Amino acid sequence: MAGETGWRHWRRKVHDILEVGGDAHPAAHAVTAFIVALIVLNAIAFAAETVDPVAAEYGVWFDALNLFSVAVFTVEYLLRLWSCVEIPMLSRMPPWRARLRFATRPMMIIDLLAFAPWYVHWIYPIDLRILRVFRLFRLLKLVRYSPALQTLGRVLADEYRALFGALLIMLVLLLFASTGIYFLEREAQPVAFGSVPAAAWWALSTLTTVGYGDVVPVTPWGKVLGGVVMLLGVGMFALPIAIIATGFSQESNRHQFVVTWSMVARVPLFASMDETEVAEITKLLYTRSYMPGVPMVRAGDAGEGMFLLASGEAVVEFGRGRQATLKEGDFFGEMALLEHRRNQHDVIAKTRCRVYVLDSRSLARLTRRHPEIMTRIRDVAKKRTETDASSPGRKSARKARAGEKA
């Protein structure tokens with residue numbers, strides 16, 4: 001039993017370091033920095049190896065770096081797989097099934113592709129040039145550690161309808177430009193503009209404002225159409241860029257630190273859900289960071305969100321010197337949000353805190369699908385109300401009010 005407890009202790013530490021981050025274990029910052037540096041170094045080495053003189057002189061060092069990287073990424077992958085059973089929803093499954101389920105997650109597949117081709121090469125000989133291309137998958141590992149890349153991914157996922165609409169506009173403009181230049185230039189330049197598909201090359205290069213110059217209109221009306229297409233091309237590409245830029249700005253304001261599926265799965269409120277549901281909740285949350293002594297909620301502020309402590313400790317100020325401590329996994333602000341009233345107490349960060357926030361729309365969407373969460377929220381709120389009402393300060397206040405009425 002002691003051996004099993006020891007193994008689980010180390011397994012939880014490994015999980016905190018690799019999946020949760022620096023707030024859960026101080027060594028996580030060093031491990032993350034080391035892995036990111038190794039990924040960047042591999043990218044530099046990949047580019048340098050394509051220069052023949054450099055590859056000839058430093059080929060041994062490049063091979064040594066590749067071997068070292070494969071060993072590190074292999075150990076990292078196996079440790080992630082070994083420790084994933086510490087995630088609450090996976091801990092309810094048989095270990096083999098939990099690890100298999102975790103291994104099919106997109107980031108784990110990317111981690112596998114970062115080193116697996118090297119082992120395949122020893123089993124089945126592969127052209128080294130193809131094997132070198134597979135090493136580019138190591139760059140994708142940066143998504144796990146980069147808030148900017150994760151934010152971009154969320155923007156593309158959220159704005160795909162608008163981006164698809166912009167793509168349709170581009171295709172329509174391309175077709176109109178190709179057809180117009182075909183009718184205006186086909187007699188003057190039958191080779192370059194002899195068909196609409198042939199004219200599409202000129203239309204595409206003009207709309208993208210590249211204008212290679214290999215095919216240009218020579219008739220007066222063709223030049224007029226060319227000028228119009230150039231102007232439309234500027235606006236055409238401004239549309240998707242504006243969509244992505246606006247979405248990126250909004251997502252950057254919503255997220256002050258990286259939130260991952262594994263981190264959200266540790267929140268006790270979501271422990272009963274499966275991985276698909278947690279992945280959906282991860283998209284609903286936005287994040288805030290608070291330094292010690294900074295108010296997270298002030299009494300009198302409008303109840304605009306429900307707060308869940310991802311890490312750190314906070315203090316609820318009830319007045320008259322009375323306090324309550326909130327720790328990782330606790331939540332607050334839920335009743336003010338549900339009852340559409342103002343917050344009644346100050347909540348101040350005691351240590352550095354990372355907080356998940358659910359706004360009213362996200363909470364309503366969540367509780368519609370999972371009414372048991374609302375039941376649990378109300379139970380916790382009721383217990384807090386009863387504790388607050390039974391405190392000596394509240395009792396004396398009620399007696400004073402009763403005396404005034406008498």
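1. Is Ser83 buried or exposed? In this predicted model, Ser83 is buried, with a relative accessible area of 0%. The cut-off for buried is under 20%, so Ser83 meets it.

2. Ser83 belongs to helix α3. A polar atom of the Ser83 side chain lies 2.9 Å from the backbone oxygen of Leu79. Leaving out residues up to four places away in sequence, Ser83 touches Arg11, Val14 and His15.

3. The largest nonpolar core has 49 residues. Within this core, the residues with the most contacts are Leu269, Phe270, Met306, Leu308 and Tyr356. Helix α3 (residues 52–83) supplies the largest share of this core, seven residues.

4. Phe270 deserves its own entry. Not counting neighbours within four places in sequence, Phe270 is in contact with Met89, Val264, Val278, Ile281, Leu308, Leu366 and Ile373. Of these partners, Leu308 is also listed among the core residues with the most contacts.

5. Another core, of 15 residues, lies apart from the largest one. Its members include Tyr286, Tyr290, Ala314 and Ala349.

6. On the surface, Leu184, Trp221, Val224, Val228 and Leu232 make a nonpolar patch of about 480 Å². Helix α13 (residues 220–254) gives the most to this patch, with four residues.

7. Val228, one of the patch residues, sits in helix α13. Its relative accessible area is 40%, so Val228 counts as partly exposed. Patch residues need over 30% relative accessible area, and the 40% of Val228 satisfies that cut-off.

Definitions and conventions: Residues are numbered from 1 along each chain as its sequence is written. This is a predicted model: local features need pLDDT of at least 70, side-chain atom pairs count only at pLDDT 80 or more; totals for chains, interfaces and linings use all residues. Side-chain values use heavy atoms; hydrogens and water are left out. A nonpolar core is a set of buried Ala, Val, Leu, Ile, Met, Phe, Trp, Tyr and Cys residues joined through side-chain atoms within 4.5 Å. Buried means under 20% relative accessible area, exposed over 50%, partly exposed in between (1.4 Å probe, protein chains only). Helices (H or I, at least four residues) and strands (E, at least two) are DSSP runs, numbered from the N terminus. Contact means heavy atoms within 4.5 Å. Patches are made of residues with over 30% relative accessible area and no salt bridge: like charges are joined within 9 Å, nonpolar side chains (Val, Leu, Ile, Met, Phe, Trp, Tyr) within 5 Å. Accessible areas come from the Shrake-Rupley method with a 1.4 Å probe; for residues, only the protein chains shown count as cover. A salt bridge is a side-chain nitrogen of Lys or Arg within 4 Å of a carboxyl oxygen of Asp or Glu. A polar contact is a pair of N or O atoms within 3.5 Å; within protein, one must be able to donate a hydrogen and the other to accept it, and residues adjacent in sequence count only if both atoms are side-chain atoms.
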